[in-house]
Structures are given as C-alpha cells and as structure tokens.
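Please open the model in a viewer and keep the selection tool at hand. The stops below proceed from one selection to the next.

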Amino acid sequence: MSVAAYCIFCYRQIGTSGPATKTHLHWNDIRKIAKVTGSLILGGFVFLTYEVLSLKKLLQIDTQAIHQEKLKSYVYIRTTSLNPSEYQGITYHARKEIHKAVRKILETEAKIFRRPFNEQFSTFDGEDHECALWLLLKRSQSEDKEVRLQAVQDLANNSHWHDYQYGTVAQTCDQRTAIGLARSKDIDLRFFLPPPPLPKIKNDYPIEDELRLLLVSLPQTGLDPCVQYFTSLALRESSQTLAAQRGGLWCFGGNGLPYCETLSKIPSETVELFCLQALVQHSKVSSHCDKIEAKGGLQLLQRIYQLRKDSAKIQRNIIRIIGNMALDERLHSSIVRAGWVSVLAEVMKSPHVIQSSHASRALANLDRDTVKEKYPDGVYVLHPQYRSSQPIRADILFVHGLLGAAFKTWRQQDIDRRLDKKASEGEEDYSQCWPKTWLASDCPALRIISVEYDTHLSDWKAKCPVEAHRKSIAYRSNELLDKLRAAGIGDRPLVWVSHSMGGLLVKKMLVDASKNPEMDKIVNNTRGIIFYSVPHHGSQLAEYSINARYLLFPSVEVKELSKDSPALKELNDDFLSFAKDKTFSVLSFAETLPTHIGSMIKLHVVPLESASRLNSVSEAPANSSYFLL
C-alpha cells in the first residue's frame, strides 16, 4: 500500500512539473521514470521477500515438538469454536499483542536490573478460567521452595478443572510437581499420564526369559551371599521351566531325578516370583540398581506389573524394587519417565494397607522436596503417608517379633465368620493395621513407622539359609540401627512399641546405640518403651523346638529364645544397667491365657514370669493370649 502511494506521488510530480528547456527535457524525463521504476522494483522485491519468509515459517516443522511427541503417549488438542459470535474482535487481539510486547520489555528489564518480575502481569494472556491453571504451573516450577509447594497444594486441592486441563498439567508439569501431586491426599488420577506404551513382544516369548536375561546381566561375582543365593535359585527355576516348555525330561532341583514335563512343570507366575525376589536383593545394592536401569529393567517391571494385575504378591515385590531404586536420586528421572509415578499414585489409593504402604515408601523416597529422610528396605511409614503441613512432634516405632511382620502383627483380632456372626457384621470397621488407622486418627501429629525383618521357627523354611549369623539378635540390631538413622529416627522424641522377640531386639539396639557416639540421638530422644509379651528370660516355644531339633532344625532366633538362656540374661543385665540412669518410662504387658498352636499344642508362649521379670518397670498382666495381646 505504501509502495502504491509513493508511485502515485511520483507520477503527480511528473505531471505537474513545469516546462524545461528543450535540451534537458528528454534526460530529465528518463531520470524521473528511472526513479519511479527503481522504487517499484525495490518495493516489490521487499514485499516478495517478506511473503517468502512468512510462507517458509508457516511450513517449517518444529523438530522440538516432534521430539516431545516421541516422549508422550498422546497429545491433547484444544478445539476452536466455529461460531463467529465467540470471537472477541480486533481490539481484543490488538490489546493482547501490545500486552505481550510490554511484558517482554518488563521481563528483559527485570533480568538486566536483577529485579523480581511480577507474575500477576501475565494474567491477560489467556482466558479467565485458564489463568489460574497456568499461573499455578508456573509457580510449581519456581526456585522458591515455599512458592513451589503451595502451588502444588493448590493444584491438588482444585477439583473443578476440565478433562483437558488435567491433561495439560499431566504433560507440562515437571518431575517434582508430578511426585508432589502423587503424594497429595485424594488426588485425581487424571493429573498423571499413563505409563508409556511398551514394544510388543512375541506371544511365544515368555516373560521369565526377559527376567532371566536381566538377572544374568547383573554382577555375579563378589556378591553378598544372600544375593548370590536368591540369584542362583531364580536362574535354576527359570532353566527348569524353559526345559519343560521345550519338551523332554529335566531334573528338579539338580538332584538328578528326571520328571516328566506334565508332572513337574512350574507355573510361570512362580518362576517370575523367584526372579523378582532375586531382583529385590539386587536392588539393595546401589551399583546394581544402575545396571537394572541401564538394561531396561524399569520398563520390564512395568510390563510384568501390567500383566500380573491379579497377583498382589508379584506387584508388591515390583513396587518394593522401585522403592529400593528410589533411594538413589540419580535414578529418579528414569523412574518418572518409565511411568511409575502414575502407578504409585493409583496404588496409594488401595484399601490394602500392605500395598499402599509399599507405594508410600517409594514415593517418599522420590519426594526430595518435603522428605529429607530416606526409607531403606523394611522400613515403612504408616503415617503420614501423604504430604502434610502439620509438623511432626514425635516418632512411634513398631518392632514385630517371631513370625511377625510390619503389618500383620498389628492387625485387629482375626474374625471367625462362622463363630462370631455379630463381629462379621461389623467387618467394615475391621483394622488391618491399627497403628495406621486408630493411632494415626487419635494422634495425627505423630510419625508412625513399622520395621520388618525375616524370622522363622525352623531352618527348613528360611528364606536365606546360607548365613545363619544374620538371624542373630546382635546382627539384626546393627543392621536395623543403620536403617533407622537413615530414616531420621532419633531426630525427634521417640517411643518404642515391641512384641515378642522384637522387645529383645529393641533392648539390644538401645544398648548398642549407647556405645556408639553416632547413635546418641536415638538414646537421648527415647521417651518410652512398651513391651508386649516379650520373653526377657526365654520362651517355652523355643524349648519345644530345641527338644525336637533333629526333626524341626530350630532356627538361630529360636535357639536364642531358650528358657534362662545365658545370652538373654546378659542382654537383660546390660539393658537394666543402661536404663537405670535414664528418664524414659517402660511398660510391660504379659499374657495370662494359653495360645493354641495348631490343633494339638496349647501353651503359654511367653510365661508370666518371663515377661514380667524386668526390674524397675510398670507391669500389666493382660487377660489375653500371645497372639491376641
């Protein structure tokens, strides 16, 4: 348009120019025509160049967008309305363009003079209902930790987003925000992208083959004996299954006795469980976690998890491996990219306390924004399992005993539906783990932790029989102390709650901690100990096992619990000597009713005199048996 106006102006000058001398008239006209023609050519060239560049920009492919597309399983696209009445006119768009330009100037000025930039200035860029979402997303990536945490909390608390807005958050939030949302209570699962699609495999290619190859790729020399034992067990079972599938005869357990395929084929789920148990042991070693990640182990575990939706035990072992790998912060990005955050967020909603607690531990190890502690294998947080603004005032630590576990030991009395119809009717109030449900509800300002370790009555059923000394109270004391310090035990006032052999372990840990300057916090912050049916002077159950030792092969822990054992007497004397000048309180409960062990044995597992002969403590005989105390 400006070029055309310029041409008209030049022609008018030619038309209105005065008469010239005949000598110079011809050359003057040529000069004026040349000027006009040159202007036209130059203007046309500029216009064509502009159009070519604009067209090139429109047709140019954004390679970064293609790269992002490869990392996403799907992309949300907002549809544009075709109703012209919804357009807001040229004035609105002009104001938006001016606003963006001014914003750019202010951002540049803030960077030059190193001044904070007011984020509220950006609210004009989007629609009203979009502004809050994008502002929260921007703040969730702030360098200011308080701003970041508040933004994640606000995102989680808003329940009025549309589906596409949840999708926007899922694709644009960073790693810290995704983990923070997963650890928010009652979170909407639409905030998370599903796990990325995995490559298809042949139908005749068993999943245990992949597990076996992963185990073979891990270091096989210089291993911890238990890791080596579990690995060899898993590989042996895998090779037997492969032989059975290929036909012919094979040997069970390497004993040289051939069995027909139809009589001895091992279910694939059992083989997978053997392999996963071996991987659990490997995942306790940091350098092996790197190998698992490098060999595609996270994706393989994701595949097995999706295929074995009906096996709680397999899924629990997989999440346990993820929790162990999450102890290494270098692997956090790989775990998030493999889609585990959405899986863990879903498992956190499980009504089963064991499943949700395993997921809670894994997410707590991933969350470095609000959790400074790390929870090693066997240490589980029962409360709080979600992010909370309420400060923690004290720690309660639960330690189970012989044949116990971190969760089942602390369950409510089992309901026999045939005998107790009234109790069965109120089964919805049944607690799978009363510290998590009842204690957490009554005392929300506590951090409640339960620990787990393997115990067996007989070496017949030992999970790792290669090193008996690991089952001793002394070894377990040192192992648990290291794990508890990593979990921050000792940083707050502490109360111990123990059952059976767990009480002996608590006494040993406190005695050992008093001799180690690095463990002073655990001793100094102990405020109380509760003993439930703890055999301070031995148990009759151990006597039965030892008398039948040639048949039962009693385990190390059972041998240590023999009645009037010199080792128990020494431990009791050491504990009393340690506790005499301490200010913490001790409460001991003793059983008064016999316990049924099978259909033929009925005895007091921990006699009253063994549970109560602890000087200078409060004692409370309970009208209950060993398991119901």
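**Stop 1: the second largest pocket**

Helix 6 supplies seven residues to the lining of the second largest pocket, and this is the largest share of that lining. The model on display is a predicted one. Select residues 145-157 to bring up helix 6.

The volume of the second largest pocket is about 1,200 Å³. Next, select Pro384, Tyr386, Arg387, Ser388 and Ser389: among the 37 lining residues, these are the closest to the centre of the pocket. To view the elements that each give two or more residues to the lining, display helix 6 together with helix 18, strand 3 (379-383) and helix 20 (434-442).

**Stop 2: Ser360 in helix 18**

Remain with helix 18, which covers residues 353-366, and select Ser360 within it. Is Ser360 buried or exposed? Ser360 counts as buried because its relative accessibility is 2%, and the cut-off for buried is under 20%. Now add Met348, Val381 and Gln385 to the selection; Ser360 touches these three residues when those up to four places away in sequence are not counted.

**Stop 3: the cavity**

Keep Met348 selected, as it is one of the residues that line the largest cavity. How many cavities of 30 Å³ or more are there? The count comes to one, and the largest cavity has a volume of about 30 Å³. To display its lining, select Ala182, Ser184, Lys185, Asp186, Ile187, Ala345, Met348, Lys349 and Tyr386. Tyr386 has already appeared on this tour, among the residues closest to the centre of the second largest pocket.

**Stop 4: Asp209 in helix 9**

Move to helix 9, residues 207-217, and select Asp209 there. Asp209 has a relative accessibility of 9% and therefore counts as buried. Then select Leu235, which is 26 residues away from Asp209 along the chain. A distance drawn between the C-alpha atoms of Asp209 and Leu235 should read 9.9 Å.

**Stop 5: a nonpolar patch on the surface**

For the last stop, display helix 2 (residues 22-59) and select Phe45 within it. The relative accessible area of Phe45 is 56%, so this residue is exposed; the cut-off for exposed is over 50%. Which residues form a nonpolar patch on the surface with Phe45? Add Leu42 and Val46 to the selection, and the patch is complete. Together, Leu42, Phe45 and Val46 present about 340 Å² of accessible area.

Definitions and conventions: Residues numbered from 1 in each chain as written. Predicted model: local features only at pLDDT ≥ 70, side-chain atom pairs only at ≥ 80, totals over all residues. Heavy atoms only, no water. Patch = residues over 30% accessible without salt bridge, like charges linked within 9 Å, V, L, I, M, F, W, Y side chains within 5 Å. Areas by Shrake-Rupley, 256 points an atom, 1.4 Å probe, with all protein chains shown as cover. Salt bridge = Lys/Arg side-chain N within 4 Å of Asp/Glu carboxyl O. Helix = DSSP H or I, 4+ residues; strand = E, 2+ residues; numbered from the N terminus. Buried < 20%, exposed > 50% of the residue type's maximum accessible area, 1.4 Å probe, protein only. Contact = heavy atoms within 4.5 Å. 1 Å grid on protein atoms, 1.4 Å probe; cavity = no way out; pocket = protein on both sides within 12 Å on 5 of 7 lines; lining within 4 Å. Points joined across faces, edges and corners; volume = space filled by probe spheres on them.
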